[in-house]
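Here is a friendly round of questions about how certain structural labels are earned. Have a look at the model before reading on.

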Amino acid sequence: MLLSGKAMLSRRHTVRAMSAAVLGAGMSACATNPVPRIIPQGLGLALTPEPLTDPAVFNFALNLEYLEAEYYLRGVTGEGLERADLGPAPKGVTGGRKVRFQNPEIADMMAEVASDERSHVRFLRRAISGTPLVASSRPAIDLEASFKAAGAAAGLGDNFDPFADEDSFLLGAFVFEDVGVTAYNGAVKLLSQKNLLEAAAGILAVEAYHGGMIRTLLHTKGPDVVAKADKIAAARDSLDGPVTTEELPSLSLAPSDQFSRAFKRTPQQVLNVVYLSPDKGVHRGGFFPESINGVVRHT
Amino acid sequence: MSTELAIPSRRTMFTGLRTAALAGATAAAAFGPASAQTPVQESRARHGLTDGDILNFALNLEYLEAEFYVTATSGQGLDATSAGASAGATSGARLAQLSSPIVRMFAQNVAKNEFDHVYFLRSALGSNAVPRPVIDFKAGFSAVGEAAGLGSNFDPFVSDLNFLLASFLFEDVGVTAYKGAAPLIHNKEYLQSAAGIHAVEAYHAGCARALLYRMGPEARAGANKISALRDKLDGPTTLDQGIEVDGHANIVPSDSGGVCFSRTPQQVLNIVYGTPGSGVSKGGFFPEGTTGKIQMT
């Protein structure tokens, strides 16, 4: 079991190394392209006027993947990402511990999500490392005060701890998954290269699979848990500005707009959620107490 | 006792062995130099396909899904306005006998979403929208049931389990179809909408797969048979994964990088026509083929 698992893992490393390395080569070609990307107006990038290149978009996403990977890995195994996945100057992670799952099927599903998020970290790091841009190291991540603040803001009480039990862990997962979907969906128009676009769409879909899974599992926990998830969704929607970016879990298993298209968030709106701040010009807070790494850091 | 192994041991069975081919072929093509076209992009150029042609292809799949879910939840299919002028007939669907509240909610949600997708695509395409093709659910599900080993009398409308298996059949295909189509779409607004629909299909698939996994061994075995059939129909490349792999949950079908698979329109047609190989222009759920320019595998 141990041997076969490790053998397979190393095989998987090889495959990933191949595909991501070629992807990096593709981005490198893009980076030497003299045509700069122009930021569409209305994205609120006043504090970061640099053109948002494709690798920069991936680097932004990498910060979110670090957060998700640390959350799920710590909840499932008690340990976070390995040193090799963190970049040259990683910051620390506060909080997070192994959850006592009651249902082995749910534990198994959470382990799958943990594996996916770790794969995303590695995939994005590999892809970015093939370009002149440096893949961002893991930023400082807080999984303790952040959840307490998020819980309080959502009306779940002052001591929300997603690692306390299975139901809480699903609610904590719910804080992230739909945000990942809207972040990748919001990045679609920012990406100029078709191959990167297709890769981003593939990660977008994986986050949406997770989102559907989490909403489904929340429903199996009964109306009280779903009501709490509703409050979390409402809190996210109020953090990121007046535009509707949420459909409550009690009403929908696939949150989407009037044409049943998934919602999207700009990088700034995503940061409003993960910084737990509705204000503009904010560069840290919530899950990222010292900011994220990369050119896009401000709401 | 082996909790520390929980993470490394999963999905690797699939991706380790079988994505070697994928990484060598599809990924290398897709991630090659920026100037290189993927095979699908070359195919598009060769056949002179427009964004409209791509969206019309997606519309055919949405007609199929919408008819299935809308009929399963209401007993009636799309209204004449939603199906287009000289729309093909639909047969073999009826109100589904669903009992579990979460399955009923899932069915209602997805019915609304798929109906919206038909409406959206028809609106976006305007007068270029193709009408609904002839759809035969009895023939389609019978062929799938027989080929997958679920029996030729497989009926998705009699139970939660069968309904979810049918849903599972469609949803993952929708995800891979939109992902494969994304790089083919030139117009950024269409692309954004396609990505949004793509994600909604993935939400549906995540729900269906999670529900099936929770239903136990029979449901897992059924879903895995359908997955194996899809993977067989669409050619030699591994583009599919069951919901249980090596004794573990596998709710998300994805490659070693945690990225979902893509299917070309032709591979998608192989599945909905229930026929492998190239040069096929009808069969399965579409006895007279799809409407629009993309009709042949």
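The questions and answers below take this predicted model and set its computed values against the cut-offs behind each label.

Q: What makes up the secondary structure of chain A, and in which order do the elements run?
A: Chain A has eight helices and two strands. From the N terminus on, they follow the order α-α-β-α-β-α-α-α-α-α.

Q: What does the secondary structure of chain B come to, and which pattern does it follow?
A: Chain B comes to 10 helices and four strands. Read along the sequence, its pattern is α-α-α-α-β-α-β-α-α-α-α-β-β-α.

Q: How many of the residues in each chain are buried, as a percentage?
A: In chain A, buried residues make up 60% of the 299 residues. In chain B, they make up 60% of the 297 residues. A residue earns that label when 20 or more other C-beta atoms lie within 10 Å of its own.

Q: Why is A:Ala199 called buried?
A: The cut-off is 20 or more other C-beta atoms within 10 Å. A:Ala199 has 29 of them within that distance, so it is buried. Its place is in helix 6 (residues 194–220) of chain A. The C-alpha atoms of A:Ala199 and A:Leu124 are separated by 9.8 Å, with their positions 75 residues apart along the chain.

Q: How do you know that A:Glu247 counts as buried?
A: With the label starting at 20 other C-beta atoms, A:Glu247 has 20 C-beta neighbours inside 10 Å, and therefore counts as buried. A:Glu247 is found in the loop between helix 7 (223–239) and helix 8 (267–274) of chain A. Setting aside neighbours within four places in sequence, A:Glu247 is in contact with A:Ser252, A:Pro255 and A:Ser256. As for A:Glu144, which is 103 residues from A:Glu247 along the chain, the two C-alpha atoms are 26 Å apart.

Q: What makes the span of helix 2 of chain A agree with the expected one?
A: The expected span is 1.5 Å times one less than the number of residues. For the 24 residues of helix 2 of chain A that should give 34 Å, and the end C-alpha atoms are 33 Å apart, so the two agree. Just after this helix, A:Gly78 takes a positive phi of about 90 degrees.

Q: Why is helix 2 of chain A described as mostly covered?
A: Of its 24 residues, 23 are buried.

Q: Why are helix 2 and helix 5 of chain A called roughly antiparallel?
A: Helix 2 (residues 54–77) and helix 5 (residues 166–187) of chain A pack at an angle of about 165 degrees, with their axes 11 Å apart. Angles over 145 degrees count as roughly antiparallel, so that is the label for this pair. Their crossing is left-handed. On the helix 2 side the contact residues include A:Val57, A:Ala61 and A:Leu64, and on the helix 5 side they include A:Phe169, A:Gly172 and A:Phe176. The residues of this contact divide into 10 nonpolar, three polar and one charged.

Q: What makes helix 5 and helix 6 of chain A roughly antiparallel?
A: Their axes come within 8 Å and cross at roughly 150 degrees. With the cut-off at over 145 degrees, helix 5 is therefore roughly antiparallel to helix 6. The crossing of these two helices is left-handed. Among the residues that meet here are A:Leu170, A:Ala173 and A:Phe174 of helix 5, and A:Ala200, A:Ile203 and A:Leu204 of helix 6. The residues of this contact divide into 13 nonpolar, four polar and three charged.

Q: At what angle do helix 5 and helix 7 of chain A pack, and which label does that angle earn?
A: Helix 5 and helix 7 of chain A pack at about 30 degrees, with their axes 10 Å apart. Angles under 35 degrees count as roughly parallel, so this pair is roughly parallel. The crossing of helix 5 and helix 7 is right-handed. From helix 5, A:Asp167, A:Leu171, A:Phe174, A:Val175 and A:Val179 meet A:Val225, A:Lys228, A:Ala229, A:Ile232 and A:Arg236 of helix 7. These contact residues divide into seven nonpolar, no polar and three charged.

Key. Residues are numbered from 1 along each chain as its sequence is written. Chains are lettered from A and ligands numbered from 1 in the order in which they are written. This is a predicted model: local features need pLDDT of at least 70, side-chain atom pairs count only at pLDDT 80 or more; totals for chains, interfaces and linings use all residues. Axes are lines fitted to C-alpha atoms, for helices over the stretch in contact, and angles run from 0 to 180 degrees between N-to-C directions. Angles under 35 degrees count as roughly parallel, over 145 as roughly antiparallel, 65 to 115 as roughly perpendicular and the rest as oblique. A crossing is left-handed if the near helix is turned anticlockwise from the far one by less than a right angle, and right-handed if clockwise. Two residues are in contact if their C-beta atoms, placed from the backbone, lie within 7 Å. Ala, Val, Leu, Ile, Met, Phe, Trp, Tyr, Cys and Pro count as nonpolar, Asp, Glu, Lys and Arg as charged, and the others, Gly among them, as polar. A residue is buried if 20 or more other C-beta atoms lie within 10 Å of its own, exposed if 12 or fewer, and partly exposed in between; C-beta atoms are placed from the backbone.
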